[in-house]
Amino acid sequence: MVEKLAAAKMRLLVTGGAGFIGANFCHYWRCRYPQGTLVVLDALTYAGNRASLSSLEGQACTFVAGDINDTPLVEKLLQEHELNTIVHFAAESHVDRSIHDPDAFLNTNILGTHSLLRAARKQWLDGPQGVIPHRFHHISTDEVYGTLGPQDPAFREDTPYAPNSPYAASKAASDHLVRAYQHTYGLCTTTSNCSNNYGPYHFPEKLIPLVILNILHGRPLPIYGDGQQIRDWLFVEDHCQGIALILEQGVEGENYNIGGHNEWANLDIVRLICRLLDEAFAADATLAERYPHAAPSQGKPAESLISYVKDRPGHDRRYAIDASKIGRELGYTPQHSFEEGIRKTVDWYLQNTGWWQPLLGEQYAQWVQKQYAS
Ligand code: NAD
Ligand code: TYD
């Protein structure tokens with residue numbers, strides 16, 4: 001076992017910190033530890049957005065544009081900034097994209113994770129100073145466990161892996177590599193497997209932000225198949241809290257499931273967002289001026305935009321997380337009810353047009369078109 005690293009001494013490399021969860025984590029960690037070193041490494045793919053970090057840069061948050069597959073760059077960052085903690089978010093993360101183009105998922109999620117592990121091992125275990133206290137925390141997903149039937153118990157840390165999409169398979173492979181580096185070389189690792197997140201800075205290809213923005217633009221709300229697939233939704237800040245607890249107290253070599261005991265069928269979530277936006281437009285007349293194409297601006301309920309489309313191939317029916325281990329061992333409890341989190345999220349998108357407007361350019365339009373064509 002590597003000597004435990006005190007949280008106050010952690011000097012973090014956050015990979016994928018310009019993405020949805022990574023950016024939320026940087027904000028969360030900066031509030032919890034205003035002084036600590038924070039270096040973000042992000043390749044700024046379509047999903048990476050430096051604007052999500054703009055209020056942090058300069059407050060001891062260093063941004064480096066680069067690829068996790070660039071092992072010499074990772075080694076240089078670890079050395080130059082004397083970093084002793086990697087919080088690894090960087091990934092290709094969208095199941096639909098993994099169905100169209102799996103190669104990028106293998107490259108970033110599997111080879112990229114291995115590149116980081118190799119650099120960490122060289123720097124923290126095999127460097128001139130010998131073994132130095134460190135931690136490699138790997139962010140994974142509940143999708144590695146496969147799909148559940150309606151009555152099955154929720155995923156636990158000892159549920160066997162059964163990934164169904166190329167995305168889930170690539171994440172499962174990366175989890176195994178992390179495990180192997182701990183078991184074989186003694187790297188101090190922890191892994192968390194979290195359920196679906198929602199909240200600010202979420203790229204609008206994923207269900208919740210897509211539905212909010214499509215309502216605002218009067219576009220169809222695509223429901224895959226019968227819309228009865230179930231996901232277990234967690235407000236992103238609550239995920240960040242779970243990660244912080246693991247960094248502070250997590251036991252080397254352990255996996256922790258993080259979730260919110262909050263299962264919803266997709267169709268019900270979409271209907272809920274429709275209702276919240278109808279109410280927001282009814283309460284604030286300026287919204288109709290700002291979003292003249294929105295269904296409520298046209299005198300129609302947002303639900304009238306719901307449109308059933310072909311199902312995703314291999315679509316997992318149900319995910320549910322049993323988060324009792326992290327609750328029992330690290331004192332984790334989500335702080336946001338779903339009602340609170342989803343209202344905060346809808347309000348955030350209504351108030352932060354400047355963040356999402358630039359994302360709806362040509363590349364996004366091509367992606368949407370490809371989706372509808374398939
Ligand atoms: P995201 O797609 O929003 O962000 C991914 C980030 O990684 C982007 O900023 C992108 O530029 C960066 N990136 C991609 N390839 C890179 C590379 N080769 N080198 C450096 N940076 C690269 O993803 P997210 O939703 O924030 O997910 C973050 C992590 O959490 C992922 O590992 C994902 O598997 C996991 N996760 C996500 C969810 C969810 O609901 N979104 C749930 C559980 C786990
Ligand atoms: P998504 O946000 O892509 O997350 P994940 O696939 O990682 O769970 O999708 C959440 C659920 O919503 C999933 O069951 C697929 C479904 N979905 C739709 O029905 N329509 C859509 O347009 C999208 C993007 C997703």
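## Exercises on ligand 1 and a helix pair

In this predicted model, 28 residues surround ligand 1, the closest being Ile 21, Asp 42, Ser 93, Tyr 167 and Lys 171; a residue counts if one of its heavy atoms lies within 4 Å. Residues are numbered from 1 along each chain as its sequence is written. Local features need pLDDT of at least 70, side-chain atom pairs count only at pLDDT 80 or more, and totals for linings use all residues.

**Exercise 1.** Find which polar side-chain atom lies 2.6 Å from an oxygen atom of ligand 1, and how much of the ligand the protein buries.

Solution. Step one: a polar contact is a pair of N or O atoms within 3.5 Å. Step two: the side-chain atom belongs to Lys 171. Step three: ligand 1 taken alone exposes 830 Å², of which the protein buries 96% (Shrake-Rupley method, 1.4 Å probe).

**Exercise 2.** Sort the shell around ligand 1 by class.

Solution. Nonpolar residues are Ala, Val, Leu, Ile, Met, Phe, Trp, Tyr, Cys and Pro; charged ones are Asp, Glu, Lys and Arg; the others, Gly among them, are polar. The shell then has 13 nonpolar, twelve polar and three charged residues.

**Exercise 3.** State how helix 6 and helix 11 are oriented to each other.

Solution. Step one: helices are DSSP runs (H or I, at least four residues). Step two: helix 6 (residues 207-217) and helix 11 (residues 338-351) pack at about 50 degrees, with axes 11 Å apart; axes are lines fitted to C-alpha atoms over the stretch in contact, and angles run from 0 to 180 degrees between N-to-C directions. Step three: angles under 35 degrees are roughly parallel, over 145 roughly antiparallel, 65 to 115 roughly perpendicular, and the rest oblique. The two helices are therefore oblique to each other.

Methods. Chains lettered and ligands numbered in written order. Heavy atoms only, no water. Polar contact = N/O pair within 3.5 Å; in protein donor to acceptor, adjacent residues only side chain to side chain.
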